[in-house]
Amino acid sequence: MASSPVPRVRFAPSPTGYLHIGGVRTALFNWLWARKTGGAFILRVEDTDQERSTEESRRVILDAMRWLELDWDEGPEVGGKYGPYLQMERLPIYREFAERLIARGRAYRCYCSKEELDAQRAALKAKDPKAMFRYPGTCRDRKDQPDRPFVVRFRAAETGSVTYDDLVFGAVTTPNTAQQDFVLVRSDGVPLYNFGSVVDDVSMAITLVARARDHMVNTPPQIMLYEALGYAPPAFAHLPLMLAQNGDKLSKRHGAVSVEEYKNLGYSPAGVLNYLARFGWSHGDLEIFSREDLVQKFDFAAVGRSDGKFDPKKFADVAFEHLKRPDLTPVRRYAKMVIPFLAAIGITAPDEAKLLHAIPTVRERARTLREAADAMDYFFRPPVLDEKAKKKFLTPENTDKLSEFRSILLPLATWDETTLEAAITAWLASKGLAIKDVAQPARVSLTGRTISPGLYEVLAVLGKDESLTRLDRGIELCSA
C-alpha cells in the first residue's frame, strides 16, 4: 500500500471506561496537526479487551469527542474507505497479516500452553527472584503443526538495534537484546496491542503516530513489525505525561479526570482544550488561545519533553477565562451552552432575548456554566427571598424610600441601563441620598438576594413590568 501524501493521524481509545483528559490531550494534538496541515484525523476504537470493553463506554467516548468538537474525518458513525474502525471487526485483517509474516519466516506458531509458561516463570523466580522471564524460543524452529491451540509469535532480531527520530525526543536507539519473541495474535484470533496497532496503522495509511511517552517502550517492536511487513514506519511523536500533584499517574483518586465530569461541572469545552494544549506545548508566553489560534500555532517542535503535574486550579482559571471573554465565547454560543444548566434547575425554554441580555451581567463572575445558571435564576422566574436579607432590608423604615424609588421608574418610557441610571441618580441627588440607601432593599425585592449584578443591569434585564411587580411585592413586605 503506497503511503499517503496527505498527513493522516489517529486517536485510538479503548472503550473500557470514561475518556480521560490525558487521552484528550493526545487526541487534541493529533486533531490540531490534521487541521493545520489539511490532513485527516481518524478515530479508531481498540476494543480487543472484551472483558472490559462496553458499548456504553464507546458511546461515552464518542459523546465526549463531540462535546469537545474534535470532529473526526474517518471512524465510527462517519465511515471511510479504510474501515472498519473497530478492531473486533477487523479480525480477518489481522489473520491475513499474521499469515504473511509466518510465510516470510518472520513469525511462527507457538504451541506452548499457559501452564507450561507459568511453570517456567515459577522455576526462574525460584532460582532468581529478580530475573525477568523471557520466552525461551521453544517453538521458534518447530516444523510440526499439531492440532492444538496456538498463538502467533514474532521472530525478533537478537542482534543490532532499532533507531528512530522522534519529533519530540530526537534520536532514540534501543538494542534488540531488549526484545523477545512477543505474541502477535492470541489463540482466539485477537491481536495484542503492538500487532493490532501496526496492522491498523499500515492498512489505514497513518503517516504520524503521536501518543503519550509511556508508549515509547512499544515503538521498537512496532518498528520491527513495519520492517518485517515491508512498510516504512510512520513518524513518531511521544508526548510528556500528565501526572497528579504527588507525581503519580493521574487517576480518579486525584479528583475529576473524565471529560464527562468537566462537562457536567459546566466547563467550557474550548477552555478544557486550551488548558490541555498548554500541557506540554507552548507558544511563547501566551496562555489563552482560541481554537483557531491553536490550529494556526501548534507544532510538534514546540512540545516539551518533561512530564507535568495537572493543576486543577489553573485548569479552572483557564476554563473561566474562556467563559468570561466574549471574543472567546460569543454571547449566543454562551447561551447555547448554558441552556442545559438552566433546564437542570427547572428553567426550560427561557426567553432568548432576555437570556442574551442576562448573560453579560453574570459572565464575569460565574466561573462555570452551572454557576451562571444559578446566577440568572431570578431573571426567569419569581425570586425566592433569602430570609436573612428579607429581615434586614425589607423593613418598615425602607417602605417610603422603596415606594418613591418605584414612583421614579413608573413614568419612564425608555427602559435601558443609561435611562434608568440617569433617572435614579437625579432622584437620589434631589433627596440627598446615596445609592446605598436604596440599593439593597431594591435588590432584595428584585432578585431575592443581597448579591447580584448592578441594580441598573438587573432592572434592564427584567424589564419594566416585571421590575415594577417585584418592587410592589417588596413594598408590601416592608409594610408588613
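**Exercise 1. A helix inside the fold**

Explain why helix α18 (residues 455–462) can be described as largely enclosed by the rest of the structure.

*Solution.* Welcome to this predicted model! Start with the burial of each residue, where buried means under 20% relative accessible area. Seven of the eight residues of α18 are buried, so the helix is largely enclosed by the rest of the structure.

Next, put names to them: L455, Y456, V458, L459, A460, V461 and L462 are the buried residues of α18.

Then look at what surrounds the helix. The buried residues of α18 pack against α12 (352–362), α13 (369–380) and α15 (399–409), and also against α16 (417–431), α17 (436–447) and α19 (464–479).

Finally, step just past the end of α18, where you will find G463 with a positive phi of about 90 degrees.

**Exercise 2. Building a sheet**

Work out the order of the strands in the open sheet of three strands, and find which are the edge strands.

*Solution.* Take the pairings one at a time. Strands β3 and β4 are antiparallel and share four bridges. Strand β4 (residues 151–154) is also joined to β7, again antiparallel, by two bridges.

Put together, the order is β3-β4-β7. The edge strands are β3 (107–110) and β7 (183–185), as each pairs on one side only. Neighbouring strands of this sheet are turned by 40 degrees against each other on average, direction ignored.

Now follow R153 across the sheet. In β4, R153 stands opposite Y108, and R153 also stands opposite V183 in β7.

**Exercise 3. Two faces of one strand**

Decide whether the residues on the two faces of β4 are buried or exposed.

*Solution.* A helpful idea comes first: in a regular strand, side chains alternate between the two faces of the sheet. On one side of β4 you find V151 and R153, and on the other V152 and F154. These residues are all buried, and both faces of β4 are covered.

**Exercise 4. The largest pocket**

Describe the volume of the largest pocket and what lines it.

*Solution.* Begin with the volume, about 1100 Å³. The lining has 33 residues, and A12, P13, S14, G23 and H215 lie nearest the centre of this pocket.

Next, trace the lining back to its elements. Those giving two or more residues are β1 (8–11), α1 (21–37), α5 (193–203) and β8 (208–212). The largest share, four residues, comes from α1.

To finish, sort the lining by character: 14 residues are nonpolar, eleven polar and eight charged.

**Exercise 5. The second largest pocket**

Find which residues are closest to the centre of the second largest pocket, and which element supplies the largest share of its lining.

*Solution.* This pocket holds about 490 Å³ of space. Of its 27 lining residues, R121, R153, D181, F182 and V183 are the closest to its centre. Two of these names should be familiar from the sheet, where R153 stands opposite V183 in β7.

Now turn to the elements. Both α4 (114–127) and β4 supply at least two residues of the lining, and the largest share, three residues, comes from α4.

As a last step, the lining divides into 15 nonpolar, six polar and six charged residues.

How values were computed
Residues numbered from 1 in each chain as written. Predicted model: local features only at pLDDT ≥ 70, side-chain atom pairs only at ≥ 80, totals over all residues. Heavy atoms only, no water. Pairing = 2+ DSSP bridges. Axes fitted to C-alpha atoms, helices over the stretch in contact; angles between N-to-C directions. 1 Å grid on protein atoms, 1.4 Å probe; cavity = no way out; pocket = protein on both sides within 12 Å on 5 of 7 lines; lining within 4 Å. Points joined across faces, edges and corners; volume = space filled by probe spheres on them. Nonpolar A, V, L, I, M, F, W, Y, C, P; charged D, E, K, R; others polar. Buried < 20%, exposed > 50% of the residue type's maximum accessible area, 1.4 Å probe, protein only. Contact = heavy atoms within 4.5 Å.
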